[in-house]
Amino acid sequence: MTRMTMREAISKALWEEMERDERVFIQGEEVGLWGGTYAVTKGFYDHFGEKRVRDTPIAESAIVGSAIGAAMTGLRPVAELMTINFAFVAMDHIINEAAKLHYMFGGQFKLPLVIRAVSGGGRQLGATHSQTPDAIFAHFPGLKVVSPGTPADAKGLLKSAIRSDDPVLFIENATLYQTKGEVPDDEDYLEPLGKSKVQREGDDVTIVAYSKMVPAALKAADMLAGDGINAEVIDLRSLRPLDMDPIIASFKRTNRAVIAEEGWRSYGVGSEVSSRIYEMAFDYVDAPVKRVAQAEVPLPYNAELEQLALPQTEDIYHAAKEVLNG
């Protein structure tokens with residue numbers, strides 16, 4: 001095990017997979033000579049060369065569209081989008097091609113494609129560059145949507161995504177890049193796609209967290225422990241497939257749940273998870289499920305207003321106290 005940042009874990013996963021399989025290549029804006037907007041691919045161009053680390057024009061539709069073509073002909077592209085906000089430009093390729101080609105051609109085509117994209121706010125990048133629209137992409141069958149909450153999962157999930165024969169949208173929250181944790185050194189360390197993970201065990205309340213909210217939920221659990229409350233924290237890790245098994249098993253013990261996400265509450269991750277809890281474990285409900293999410297406004301540029309709009313650790317803590325006292 002080596003302690004490293006999430007940025008380093010993602011970089012290590014990419015490097016190891018490119019060394020393992022010569023069909024894997026990277027393309028995107030500034031991924032080559034510059035080393036990536038967030039320095040994830042720094043040094044890749046010099047080591048792997050321009051054929052496998054391809055700088056592209058600022059044209060997300062072309063980045064994703066050409067990657068789909070490469071995947072259909074036997075390569076394993078990793079297409080990097082500077083932010084997930086720019087994925088809207090490539091929406092037709094992602095939704096109407098990547099997610100559907102395998103099915104529309106009767107399984108004759110496989111599409112081993114990974115689209116890496118940065119999501120989330122909190123960096124004063126303004127309303128159009130700070131969105132967390134992950135749930136939108138999870139709406140469409142055929143596209144796996146994955147986002148790690150820890151450095152170890154970042155390495156294991158990304159390596160699994162690159163080895164998958166299905167298209168995977170791999171979403172990285174920008175404010176987690178500097179998060180540190182223990183990461184396995186094994187070059188074949190894989191985490192299964194579509195499996196939730198219990199990050200902390202507890203019996204009093206179930207906290208379901210996604211992406212950036214995972215470390216926030218763990219901090220909230222520490223605060224609750226100071227009050228004598230044992231919270232179980234479950235990391236979704238994947239929105240599609242959505243693994244409810246650990247959540248339902250936990251909820252049947254705690255009878256209370258809080259769902260935490262960075263995106264907007266309306267039509268979001270919390271809406272889907274809480275609906276499934278009511279459908280699958282209604283007889284175990286002792287209090288209404290609480291959702292913690294971003295305020296329903298375009299994210300402000302002003303730093304203080306931006307943080308007020310984003311969900312915080314304290315919001316999860318207070319939501320847990322509320323369901324316990326309800």
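Is S211 buried or exposed? S211 counts as buried because its relative accessible area is 4%, where buried means under 20%, exposed over 50% and partly exposed in between, with a 1.4 Å probe and protein chains only. S211 sits in the loop between β10 (205-209) and α8 (213-226), with helices (H or I, at least four residues) and strands (E, at least two) taken as DSSP runs numbered from the N terminus. There, the phi of S211 is near 55°, a positive value in a residue other than glycine.

Before we walk further, a word on the model. This is a predicted model, in which local features need pLDDT of at least 70 and side-chain atom pairs count only at pLDDT 80 or more, while totals for chains, interfaces and linings use all residues. Residues are numbered from 1 along each chain as its sequence is written, and side-chain values use heavy atoms, with hydrogens and water left out.

Let's step back to the whole chain. The secondary structure comes to 12 helices and 14 strands, and the C-alpha trace spans about 60 × 45 × 40 Å along its principal axes. The radius of gyration of the protein chain is 19 Å, which agrees with the value near 20 Å for a compact globule of 326 residues; this radius is taken over C-alpha atoms, and the globule rule is 2.2 Å times the number of residues to the power 0.38. Of the 326 residues, 55% count as buried.

Now back to the backbone. Most residues other than glycine have a negative phi, and most peptide bonds are trans. Besides S211, look at Q124, whose phi is also positive, near 55°. Q124 lies in the loop between β5 (114-119) and α6 (134-138), and counts as partly exposed because its relative accessibility is 32%. The peptide bond from R240 to P241 is cis, with omega near 0°, and P241 belongs to the loop between β12 (238-240) and α9 (245-254).

Charged pairs come next. The structure holds 24 salt bridges, each a side-chain nitrogen of Lys or Arg within 4 Å of a carboxyl oxygen of Asp or Glu. In one of them, D21 pairs with R23, the closest N and O atoms being 2.9 Å apart. D21 is buried at 8% relative accessible area, whereas R23 is partly exposed at 38%.

D166 forms a salt bridge with K144, with 3.1 Å between the closest N and O atoms. This pair links distant parts of the chain, 22 residues apart: D166 is in the loop between α7 and β7, and K144 is in strand β6 (residues 144-146). In the loop between α7 (151-163) and β7 (168-173) you will also find S164, which is buried at 9% relative accessibility.

E322 and K290 form another salt bridge, at 3.2 Å between the closest N and O atoms. Because E322 lies in helix α12 (residues 313-325) and K290 in strand β14 (residues 290-294), the pair ties together parts that are 32 residues apart in sequence. Salt bridges also link K12, E16, E17, R20, K155, K159, R163 and D188 in a network.

We can end at E187, in the loop between β8 (180-183) and β9 (197-200). E187 counts as exposed, at 52% relative accessibility.
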